[in-house]
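Biologist: I am new to this structure and should be grateful for a close look at a single part of it. Could you please describe the place where the two chains touch?

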Amino acid sequence: MGHVRLGRLPKTSRWRSVVGLLSIAPGDVRAVAEATAEAAEMRLRLLALDTTLVYSFWLLTRVTWASRSPAFATVLADLGLEPVDTPSPLTLIAQLGERVRAWSREHPESGPFAELALLALRRALSETVGQENLSLFGSSLEDLRRVLRPYSTAARFGTLAKRFFGDLLARTLRFFVDRELSNRVGGPNTLQTITDSVKFTEALELYARQTAVIMEQYGADWYSKYNWQARGEIPQEEARRFVAYSLAKLRSELRQPEP
Amino acid sequence: MSETLTRALIECDGATAPPALAREPWTIRHALRAHGTSPDLNLRIDSLSDVVQTIVVPVASDLLRIAAYTYGADQELSRGGDRDPTDAGWRREIALCVPVVALDVWARDDVQDLLGETLHFATDDTWRFAFSHGDAEAHSLPMFNEREQLYDPDCVLMFSGGADSLCAAVRAVAADDARPLLLSHRSATYFDAWQRQLVEQLRRALPQWRFPHRGCWVQRRDGEARERTRRSRAFLVASLGAAVALQLELTRVLLADNGVVSLNVSLNGSVAGAQASRSTHPQFLHLFNRLLRAIFPAPVRVTNPQWAQTRAEVLSTLTAHHCPELLPYTRSCSRAHGLPPSQPHCGTCSQCIDRRFGVLAAGLEAHDPPSGYAKDAFREALPPGYDRTIGESYLRLAQRIDETPEDHLFEKFGQLFDAVLPSEEGIVSRSHAVQKLLKRHAASVGQVMQKMNAQLSGALWAGAIARTSLLGLLHNHMVAATPSSVGMEDAAIWQRMGSQWRLVFRGHEAYVQDRLGVRYLAHLLGAPNTEISVLDLFNRERGGRKPADALSDIAVQQAMAEKQMRSGGSGELDTPKERAIRRLLRQIDALRTEHETALDLGETNYASTLADQLETLDARLSGAYADLLGNNRLSDQFKRQRQAVTKAIRSAIRLIGEAHPQLGRHLHASVRVALLCSYWPDPPVHWELRLSPSAA
C-alpha cells in the first residue's frame with residue numbers, strides 16, 4: 001500500500017448525525033444513506049452541474065449508439081478512441097477512462113468526483129459485459145458491438161442508465177461514509193468486526209443500486225425521446241439536463257420513508 | 001468556475017508570464033527560484049569532490065529543473081486540508097513559467113500535452129506550461145559525468161532505502177548480474193544518513209559489486225510546506241533517474257515498488273484518484289516513458305521490476321540471496337522523523353502496516369520484530385482517525401478482494417483498468433497478472449491474520465489484546481471490554497448538568513450537549529410504555545406560547561385522541577387518509593428537488609411551471625391534513641410542529657449514538673417517533689431523571 005491521503009467528516013450536527021447512525025444502527029442503510037445525502041446536499045446539488053460527470057454519461061450514450069453501426073471501430077475513433085492492435089472490451093473500457101481523464105484535466109473544478117464518474121462509466125459497461133456472459137479479455141470488439149446493440153434501444157438503455165447512476169450513487173455515499181466507518185468498527189460499536197464492516201459496505205452499495213432502479217424507466221423515456229430527435233447524436237447539453245434531473249430524482253428518492 | 005479552485009501562476013527562475021497567461025484570473029501568483037541570493041529551492045546533484053561537474057545534456061537538465069519546480073510548486077499550494085468532506089480544493093490548476101535551454105523541444109504541443117497528462121495522472125492537478133528561452137550557463141544544472149569512477153554501471157536504480165528498493169538492488173546484482181548505480185532523492189539529512197548506512201551494509205553483503213551511490217538534493221529551503229501530500233514527487237524521482245541515465249549514456253532506469261503498492265487500489269471509498277499515490281503506477285510509467293521518447297535523443301526507459309510481485313514475494317528475495325540481515329537497515333515508515341533509531345517505524349501508517357504483513361508473510365519477523373515498531377498494531381489499540389482507518393480499511397479491502405471472484409475484479413475495482421495500457425503489447429497477460437497479484441495479496445493478508453491469531457491466542461484468552469487492534473477487529477467478541485467507570489453497571493441516569501447532559505447506561509457514561517431532542521427524550525424516558533403526542537412534547541419544551549396556540553394544541557390533541565380511539569391506539573400512520581398524506585409528501589419532495597435543479601440549471605420557465613405544480617400539491621396536502629384532523633385551522637400548525645419534534649428526536653438519538661453507541665442503539669430500538677411518540681424498553685429500564693440544570 002502506498003501513500004494515502006485520508007479526509008475527515010466535519011463536526012457539524014448533520015455530519016455528526018451520520019456518525020451517530022453508523023454507531024447505533026449501521027444495519028439501517030436506508031437511514032445512513034438518507035442522512036449522508038442530507039449532510040452532503042449542497043455538494044450533491046453541485047454535482048448536477050459537473051461537466052466531467054456529464055461527459056462520462058454522454059460517452060455512454062454515444063458508445064451505445066455506435067454499436068448500431070457495422071463500422072463500430074470507426075465511429076469509436078470519431079469519439080477519440082484510437083484504434084489499438086488487439087481491441088477488446090477491456091481495451092475499450094480502459095480507453096474510455098482515458099478520454100474522461102483527458103476531459104477532467106481541462107475541467108479541474110470537478111474535483112475527486114471526476115474520478116467517481118469515470119469509475120461509474122467503467123462499472124456500467126463492465127457489468128453489462130459480465131451480465132451478457134462476454135469475457136472482458138478474450139472477446140473481440142465485434143463481440144462487444146453485438147452485446148451492446150440491444151442496449152441502444154430505449155428499454156435496454158434504461159438498464160445501462162440504472163447501472164451507471166447506481167454505481168455513481170454508491171461511490172458518492174461511500175466517499176463520505178468511509179471517512180468515518182473505520183472509527184465505528186470494533187470496541188463498543190454495533191459493527192464489531194471487519195466482517196461486519198464488509199457486510200455494511202456491501203449493503204450500502206446494494207441499497208444505492210436499488211435506489212437507482214427509478215432510473216430505468218426515466219432513462220428509457222428520455223433516451224426514447226431525445227435519441228430519436230437527435231438521430232443517435234444526443235448533444236452534451238441534453239445529457240447535462242438529464243444528469244441534473246436524474247440526480248435530483250435520486251436525492252428525492254433517498255429522502256423517502258420506507259413504504 | 002468553482003470558488004474553491006486554486007489557480008496558481010508560478011514564475012520560476014526569473015521567468016515572466018506571457019501577457020495572455022498573466023491576464024487570466026489566477027488566485028495565486030508566486031515566484032520560485034533555485035538560484036541567486038535567496039533561493040526557495042535547494043537543487044543540487046552529488047558528485048565526487050575531485051571531479052569537475054559538467055553540463056548535462058540540455059534537455060535532461062531542463063527535465064530535472066522542470067520536475068524540481070513542479071515539486072516546489074506542489075508544496076506551495078494547499079489542497080484545502082482534510083476537513084472538507086467534499087475535497088473541493090483537492091485539484092488545482094497550476095501554470096509554470098520556466099526558462100529552458102532546449103526551447104525547441106519543450107515548445108512542441110505534443111511534448112507539453114504529454115507533460116501535462118503525465119503530471120495530471122500523478123497529481124490529479126491540471127498543469128500548464130509557458131517555456132521561455134533560457135541561458136545555457138544560468139539555466140543548466142551541472143551533473144557528474146564520471147562513468148568510470150562509478151565502476152561503469154549498466155543501469156540506474158532509484159534507491160529510497162526502503163525494503164522494495166533494497167530487494168531490487170539485491171536481485172539486480174545477485175540474480176541478474178547487473179551493475180546498478182544507486183541514485184537517491186535527498187530531502188533531509190536524517191534520511192541521507194540511514195541511506196548511506198544501508199548502502200554500506202549492502203556492499204558487505206554482496207561484495208561482487210561496489211554499489212556506487214549518488215543523490216540529488218531537491219528540498220524547500222525555508223518553513224513548512226503548505227501541502228504535504230507531494231504527489232509530484234513521483235515525477236521528480238523518475239526525471240532524476242532518466243536525466244542521470246541519459247548523461248551516463250545508459251538506457252535502463254529501475255524504479256521499484258511491489259505490485260500492490262504500485263497499483264495502490266483505493267484503500268476505501270473515500271479515497272479517489274491520486275489521493276492514493278501513483279508513484280510507480282503502470283499508467284504513470286507508461287506516460288512518463290512516452291514523454292522520454294518524445295524529448296530524449298537516446299532511448300531511456302523507466303521500469304518497475306517488481307510490478308507483478310506482492311510485498312512478501314519481493315521480500316523473499318532477501319532470503320533467496322542469503323542476506324535477510326539487511327532488512328533491519330531499511331526504512332519504510334512515512335512518519336519516521338523523530339522516532340528513536342531503535343524503533344524507526346511508527347507501526348500504524350500505511351507503509352508500516354503493509355511492511356509488517358509482508359514481513360510476516362515472508363517469514364522474516366526475526367529480522368524485523370515488533371520491537372522495532374512504536375506500536376504493535378496486531379495487539380495494541382488503533383486510535384480513531386488516521387490509524388484506525390488505515391488498519392481497518394487495509395483488512396476490509398483485503399477481505400473484499402478475497403471474496404471477489406478473480407474474473408470480477410476489474411468490474412468491482414474499476415481503477416484496475418488504468419493498468420491495462422491499451423497501446424502496449426501483452427494486454428491480456430498483464431491484466432491476468434494484475435488479477436492474480438491482488439488475489440495473492442489478499443490471501444497473504446488472510447494467512448498473516450491466521451498466523452497472528454494462533455501466535456497471540458494466549459493473549460487473546462487473557463484479554464490482553466485491545467478491542468480496536470488489528471486482531472481485535474477480527475473477532476471483537478473474544479477480547480476484553482473495560483467499563484469506562486466502575487460501579488455504574490446497573491445505573492441508568494439522564495442528568496442535566498448546565499449546558500450538557502450526563503448519560504449513564506450499562507456501565508458507560510457519556511456527555512452530550514443540551515439540545516431540544518435530548519429534552520424530548522427525557523420526557524419519553526420518564527413515561528415508558530406511554531404514547532405522548534408530538535404536540536404535547538412540543539408544548540412541554542416551548543414556554544411563553546400565546547393562549548390561542550395553547551387552545552389550538554389542546555384541540556389538536558383532542559382530535560388526535562379521537563383518532564387514536566378510532567384507529568385502536570396503534571399510533572401508526574396506516575389509514576387510507578394517512579397513506580394519501582405520505583404519497584403527497586413524496587410527490588412534493590420530488591417536485592421540490594426538481595424545482596431546485598431547474599433553478600440551478602437556470603431554466604426559469606420550467607422552474608416556474610414546477611412552482612405552480614408545487615403550490616397546487618401543497619394546497620392538497622393542507623386539505624388532506626385538515627381532513628385527517630377534522631379541522632382546517634390546525635393543519636398547518638400540526639405539520640410544522642410534527643416535523644420539528646420528530647426531526648429533533650431522531651437527530652438527538654444519532655448524536656447520543658456517536659458519544660455512547662450502546663445507549664444510541666437502545667434508544668434507536670425502543671423509541672418510536674410518529675404522530676404519537678413513545679419509549680418501549682425491552683427489558684424494562686428504570687431511568688433516574690435529574691432534569692433541573694445543575695453545575696457540572
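Modeller: The following account treats the contact between the two chains, then one pair of helices within it, and lastly one further helix. The model is a predicted one.

The contact draws 77 residues from chain A and 91 residues from chain B. On the side of chain A that touches chain B, at least two residues each are supplied by α1 (13-24), α3 (41-47), α6 (89-106), α7 (113-131), α9 (154-177), α10 (194-211) and α12 of chain A. The largest share of that side, nine residues, is provided by α1(A). By kind, the residues of the side of chain A that touches chain B comprise 33 nonpolar, 25 polar and 19 charged.

Helix α1(A) also packs against helix α23 (residues 661-670) of chain B, with the two axes 8 Å apart and at an angle of about 85°. Because angles of 65 to 115 degrees count as roughly perpendicular, α1(A) is described as roughly perpendicular to α23(B). From α1(A), the residues making this contact are A:Gly20, A:Ser23 and A:Ile24, while α23(B) contributes B:Pro661, B:Gly664, B:Arg665 and B:His668. The residues of the contact of α1(A) with α23(B) are two nonpolar, four polar and one charged.

Helix α12 of chain A, another contributor to the side that touches chain B, covers residues 236-255. Of its 20 residues, 15 are buried, so that α12(A) is mostly covered. At 1.5 Å a residue, the 20 residues of α12 should span 28 Å, and the end C-alpha atoms are 29 Å apart, which agrees.

Conventions
Residues are numbered from 1 along each chain as its sequence is written. Chains are lettered from A and ligands numbered from 1 in the order in which they are written. This is a predicted model: local features need pLDDT of at least 70, side-chain atom pairs count only at pLDDT 80 or more; totals for chains, interfaces and linings use all residues. Helices (H or I, at least four residues) and strands (E, at least two) are DSSP runs, numbered from the N terminus. The expected span of a helix is 1.5 Å times one less than its number of residues. A residue is buried if 20 or more other C-beta atoms lie within 10 Å of its own, exposed if 12 or fewer, and partly exposed in between; C-beta atoms are placed from the backbone. Two residues are in contact if their C-beta atoms, placed from the backbone, lie within 7 Å. Ala, Val, Leu, Ile, Met, Phe, Trp, Tyr, Cys and Pro count as nonpolar, Asp, Glu, Lys and Arg as charged, and the others, Gly among them, as polar. Axes are lines fitted to C-alpha atoms, for helices over the stretch in contact, and angles run from 0 to 180 degrees between N-to-C directions. Angles under 35 degrees count as roughly parallel, over 145 as roughly antiparallel, 65 to 115 as roughly perpendicular and the rest as oblique.
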